[in-house]
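Reader: Hey, I've got a chain open on my screen and want to talk it through. Can you walk me around it?

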Amino acid sequence: MAYMRGLIAPLQRKNGWTLAEEAGHAGPDRIHRMLNRIDWDADEVLDDVGRYVVDNLGDRDAVLIVDDTGFLKKGAVGRREAAVLRHRPGGRRIPKGDAPSQIGVFLAYATSRGRTLIDRRLYRPTSWPDDRERCRRAGIEDAVAFETKVAMAKAMVRKAIADKVPFRWVTADAAYGFSKGWRYELEQADVFHVMATTRHDTFVTRWVLDHTVHDLFLGLPRQKWKRRFRGDGVHDQRIYNWARVEVRPWHRPDRRHWVLARRSVSRPDEISY
């Protein structure tokens, strides 16, 4: 438990010494002994976490949320650290060039009773699978190939479905939502989804094939925009104007498809789709 508390503590750096200090130990020996001598299986632990989450937070109206984030690597980066590359992780501002970091793709589970992470994948940049010797030093097996973040997101949602995790919606930002292939896969699995996308994405309407998202809302009558409250933000209430346009009208009679637009009240030119 002391080790777990240390991992989630707001420490600037997390290693054997800092975790031991956080736990009140005189030195890192006990932490090192646990990490080096105990047989760890992260995937089995993850399965245990998944079962605990379903038992305690399981809800058929839950939402699965896909997102990625970066972990800055401070100090000298060793050759044995997996999938480290110079990125700008999580949109952080880095004054002097990009910083060494690892990128993780995560699947969150959100319900009215609570929220937590239930799955994860380590993103390996394209340069890593080509350097097999470096992969071996970092403990990455030769059979592990490059995967895009979208492929990782697909795998995690497929696993949640196979594990019978109860949920109703899947959501993700435009880095994932722009993938027509993934949206089609979710549709075929009859999984409801709301994905952010870009203004250049295209859809089929009653009038035009491959109509760009941005053009769908040009000239839309003012009364079609509805002001809605989204909740409290960091600085103030989040209030936006919303509109929707139906797409793919002939797909199937018991399902409807819409493109949503969210427009800033104070800056009408700022529109998200």
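**Confidence, folds and odd corners**

Author: Sure, and a warning to start: this is a predicted model, and over residues 91-96 pLDDT stays under 50. For that stretch the model has seven contacts beyond four places in sequence.

Reader: How should I treat a stretch like that?

Author: Where pLDDT is low, the predicted coordinates should not be read in detail.

Reader: OK. And what is the mean pLDDT of the chain?

Author: The mean is 84, and 84% of the residues reach 70 or more.

Reader: Which elements have the lowest and highest confidence?

Author: Confidence is lowest in strand 2, residues 85-87, with a mean of 59. Strand 5, residues 169-172, is where confidence is highest, at 97.

Reader: Now the overview. How many helices and strands does the chain have?

Author: Nine helices and twelve strands. The chain has 273 residues, and 33% of them count as buried.

Reader: What about the accessible surface of the chain?

Author: That comes to about 18100 Å², with 51% of it belonging to carbon and sulfur atoms.

Reader: And how much of the contact map joins residues at least 24 apart?

Author: Taking contacts between residues at least 6 apart in sequence, 50% join residues at least 24 apart.

Reader: Let's do the sheet. What's the order of the strands in the open sheet of four?

Author: The order is 9-10-11-12, and the pairing is antiparallel.

Reader: Which strands stand at the edges, and why is one side of each left without a neighbour?

Author: Strand 9 and strand 12 (271-272) are the edge strands; each has a single partner strand, so one side of each has no neighbour in the sheet.

Reader: How many bridges link strand 9 and strand 10?

Author: Six bridges, in the antiparallel sense, between strand 9 (residues 226-232) and strand 10 (residues 237-247). R227 is one residue to click on there, as it stands opposite N241 in strand 10.

Reader: And what about strand 10 with strand 11?

Author: Those two also pair in the antiparallel sense, over eight bridges, and strand 11 covers residues 257-264. Y240 has S264 in strand 11 as its bridge partner, while R244 has L260 in strand 11.

Reader: Switching topic: where is H211, and is it buried or exposed?

Author: H211 is in strand 8, residues 211-212. With a relative accessible area of 19%, H211 is buried, because the cut-off for buried is under 20%.

Reader: Which residues does H211 touch?

Author: Leaving out residues up to four places away in sequence, H211 touches D201, T202, F203, T205 and L216.

Reader: Last thing, backbone oddities. What is the phi of K164?

Author: K164 has a positive phi of about 60° although it isn't a glycine. For background, most residues other than glycine have a negative phi.

Reader: Where does K164 lie, and is it buried or exposed?

Author: K164 lies in the loop between helix 6 (149-162) and strand 5. K164 is exposed, with a relative accessible area of 70%.

Reader: And what about D190?

Author: D190 is not a glycine either, and its phi is positive, near 60°. D190 is found in the loop between helix 8 (180-188) and strand 6 (192-195), and D190 is partly exposed at 37% relative accessible area.

Notes
Residues numbered from 1 in each chain as written. Predicted model: local features only at pLDDT ≥ 70, side-chain atom pairs only at ≥ 80, totals over all residues. Heavy atoms only, no water. Buried < 20%, exposed > 50% of the residue type's maximum accessible area, 1.4 Å probe, protein only. Contact = heavy atoms within 4.5 Å. Areas by Shrake-Rupley, 256 points an atom, 1.4 Å probe, with all protein chains shown as cover. Pairing = 2+ DSSP bridges. pLDDT = per-residue confidence, 0-100.
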